[in-house]
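Open the model in your viewer and keep the selection tool ready. The stops below go from one element to the next.

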Amino acid sequence: MKASVILVGIAASASAVSAHTIFTQLTADGKTYGVSYAIRTPSYDGPQTDVTAKNMACNGAPNPTTSSDKIITVTAGSNVSAVWRHTLESGPNDVMDPGHKGPVMAYLKKVTDAKTDSGVGDGWFKIQEGGYKNGQWATNEVINNKGNQVINIPSCLTNGQYLLRAEMVALHGARSTNGAQLYMECAQIEITGGTGTAKPKTYSIPGIYKSNDPGLLIDIYSMKTTSNYVIPGPPLFTC
Ligand SMILES: *[C@@H]1O[C@H](CO)[C@@H](O)[C@H](O)[C@H]1NC(C)=O
Ligand SMILES: [Cu+2]
């Protein structure tokens, strides 16, 4: 009796705290930088849930973020990995509770100064997305890939400083409005080697999502393996 009460207590608190996730590190051009290097990581791993909030851009209250004075150089056309962890101290086997299921996305915004630009407002375009395929969610692919979200940096971009916003969305509570949990951090990067031949159409954050988007207000437990899922946000930019 006593043991079962304790077990229930542990299970309840585990689902409350082990649930969330943070984009903690970036791997670029074969190098994995340290935790929080050039990334505005929060001290708390909680989600943003109000898609109209300014902190939808690069996180922030109620998850206080720390600024960084670093910038990571990234070669256009290469793949980078946004490395996701449950907390800033977690390892590759503790990425996010696998019960957190949803889409995975990445966005870029060209900025004058990646160290200080808040990211709020226009300028964003989507460069990577994963949704739901054959009963598998993109978040579970990231968990199975030891927390690595692989993102190709388009080769046709203009060189210069950018914010790289990586995002995972958990839809277990998304049956009710603002029940979707959005996790995002911004990395400060400098793109080199781009051809500069493309001008991506850009969008505002907040603004890319609506609380009643079919990909954010959804009962995922009624989905079948073959169900179609509409990834939220603007269309994917490709060169
Ligand atoms: C980037 O990653 C994708 C998916 O893993 C792979 O298909 C592609 O070849 C990679 N591209 C480069 C330039 O490494
Ligand atoms: Cu969570």
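Select residues 22-28, which make up strand 1 in this predicted model. Six of its seven residues are buried, so strand 1 is largely enclosed by the rest of the structure. A residue counts as buried when 20 or more other C-beta atoms lie within 10 Å of its own.

Next, add residues 31-32, which are strand 2. Strand 1 and strand 2 form a hairpin, with two residues between them. Click on Asp29 in the turn: its phi is positive, about 45°. The two strands pair in the antiparallel sense over two bridges, and Ala28 stands opposite Lys31 of strand 2.

Now select residues 79-85, strand 4. Strand 4 runs antiparallel to strand 1, and six bridges join them. To find a facing pair, pick Ile22 and Arg85 of strand 4, which stand opposite each other.

Add residues 148-152 for strand 9. Strand 9 pairs with strand 4 in the antiparallel sense over five bridges. Here Val83 stands opposite Asn148 in strand 9.

With these four strands shown, in what order do they lie in the sheet? The order is 2-1-4-9, in an open sheet with antiparallel pairing. Strand 2 and strand 9 stand at the edges with a single partner strand each, so one side of each has no neighbour in the sheet.

Last, select ligand 1. Around ligand 1 are Ser78, Asn79, Val150 and Asn152. By class, this shell has three polar residues, one nonpolar residue and no charged ones.

Key
Residues numbered from 1 in each chain as written. Chains lettered and ligands numbered in written order. Predicted model: local features only at pLDDT ≥ 70, side-chain atom pairs only at ≥ 80, totals over all residues. Pairing = 2+ DSSP bridges. Near = placed C-beta within 6 Å. Nonpolar A, V, L, I, M, F, W, Y, C, P; charged D, E, K, R; others polar. Buried ≥ 20, exposed ≤ 12 C-beta atoms within 10 Å, placed from the backbone.
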